[in-house]
Amino acid sequence: MLEIKNVTYQVEEEDRKKNIIDHMNLTIGDGKFVVITGPNGGGKSSLAKAIMGIYPITEGQLIYDGEDITEKNITERANLGISFALQQPVHFKGILVIDLVRLAAGNEISVNEAC
């Protein structure tokens, strides 16, 4: 389960601070598949990058399977199984998408498990 508790991600814009994510709360249960939609610039990618650890949250907590991961780095989060996939995967000649997913998973997984 992933719990997003009162999460804010803020950036400096000229002489002021701008909230990209503003005190967001969300719980995603185990085994659930969630799609987040919205307009360009709405914060979808920023949310994914904050969960992954690419963007540091300004305040709030990220709880993954009961563990506070707010201060964990990208590698520590990836080792827990949290990853980030691009909409258009990087293409490497001769490598299938399933091979990239297996590389990211760190073990030999089936196509069904990858899906």
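# Briefing: an open four-stranded sheet and its helices

Four strands form an open sheet in the order 2-1-3-4, and their pairing is antiparallel. Strand 2 (16–28) and strand 4 (67–68) are the edge strands, each pairing on one side only. The model is predicted. Helix 1 (residues 44–52) lies across strand 1, strand 2 and strand 3.

**Sheet pairing**

- Strand 1 and strand 2 pair in the antiparallel sense, with nine bridges between them.
- Strand 1 (residues 2–13) also pairs with strand 3 (residues 59–64). That pairing is antiparallel too and runs over five bridges.
- Ile 4 marks both pairings. Leu 26 of strand 2 stands opposite Ile 4. In strand 3, the residue opposite Ile 4 is Leu 62.
- The hairpin of strand 1 and strand 2 has two residues between the strands.

**Tyr 9 in strand 1**

- Tyr 9 belongs to strand 1.
- Its relative accessibility is 10%, so Tyr 9 counts as buried, the cut-off being under 20%.
- Beyond the residues up to four places away in sequence, Tyr 9 touches Lys 18, Asn 19, Ile 20, Ile 21, Ser 46, Tyr 55, Pro 56 and Thr 58.
- One of these contacts, Ser 46, is a buried residue of helix 1.
- Tyr 9 and Ile 20 are 11 residues apart along the chain, yet 5.6 Å separates their C-alpha atoms.

**Helix 1 and its cover**

- Helix 1 runs at about 70° to strand 2.
- Its buried residues are Ser 46, Leu 47, Ala 50, Ile 51 and Met 52.
- The cover over these buried residues includes strand 1, strand 2, strand 3 and helix 2.
- Gly 53 comes just after helix 1 and takes a positive phi of about 100°.

**Positive phi outside glycine**

- Most residues other than glycine have a negative phi. The following residues depart from that pattern.
- Asn 6 is not a glycine, but its phi is positive, at about 55°. Asn 6 lies in strand 1. With a relative accessible area of 34%, Asn 6 is partly exposed.
- Glu 14 takes a positive phi near 55° in the hairpin of strand 1 and strand 2.
- Asp 65, also not a glycine, has a positive phi of about 50°. Asp 65 sits in the loop between strand 3 and strand 4.

**Nonpolar surface patch**

- Ile 54, Ile 74 and Phe 84 form a nonpolar patch on the surface.
- Together these residues have about 230 Å² of accessible area.
- Ile 74 is part of helix 2 (residues 74–79).
- Ile 74 has a relative accessible area of 38%, so this residue is partly exposed. Patch members need over 30% relative accessible area, and Ile 74 meets that cut-off.
- Helix 2, which holds Ile 74, is also among the elements covering the buried residues of helix 1.

Note on methods. Residues are numbered from 1 along each chain as its sequence is written. This is a predicted model: local features need pLDDT of at least 70, side-chain atom pairs count only at pLDDT 80 or more; totals for chains, interfaces and linings use all residues. Side-chain values use heavy atoms; hydrogens and water are left out. Two strands pair if DSSP finds at least two bridges between them. Contact means heavy atoms within 4.5 Å. Axes are lines fitted to C-alpha atoms, for helices over the stretch in contact, and angles run from 0 to 180 degrees between N-to-C directions. Patches are made of residues with over 30% relative accessible area and no salt bridge: like charges are joined within 9 Å, nonpolar side chains (Val, Leu, Ile, Met, Phe, Trp, Tyr) within 5 Å. Accessible areas come from the Shrake-Rupley method with a 1.4 Å probe; for residues, only the protein chains shown count as cover. A salt bridge is a side-chain nitrogen of Lys or Arg within 4 Å of a carboxyl oxygen of Asp or Glu. Buried means under 20% relative accessible area, exposed over 50%, partly exposed in between (1.4 Å probe, protein chains only).
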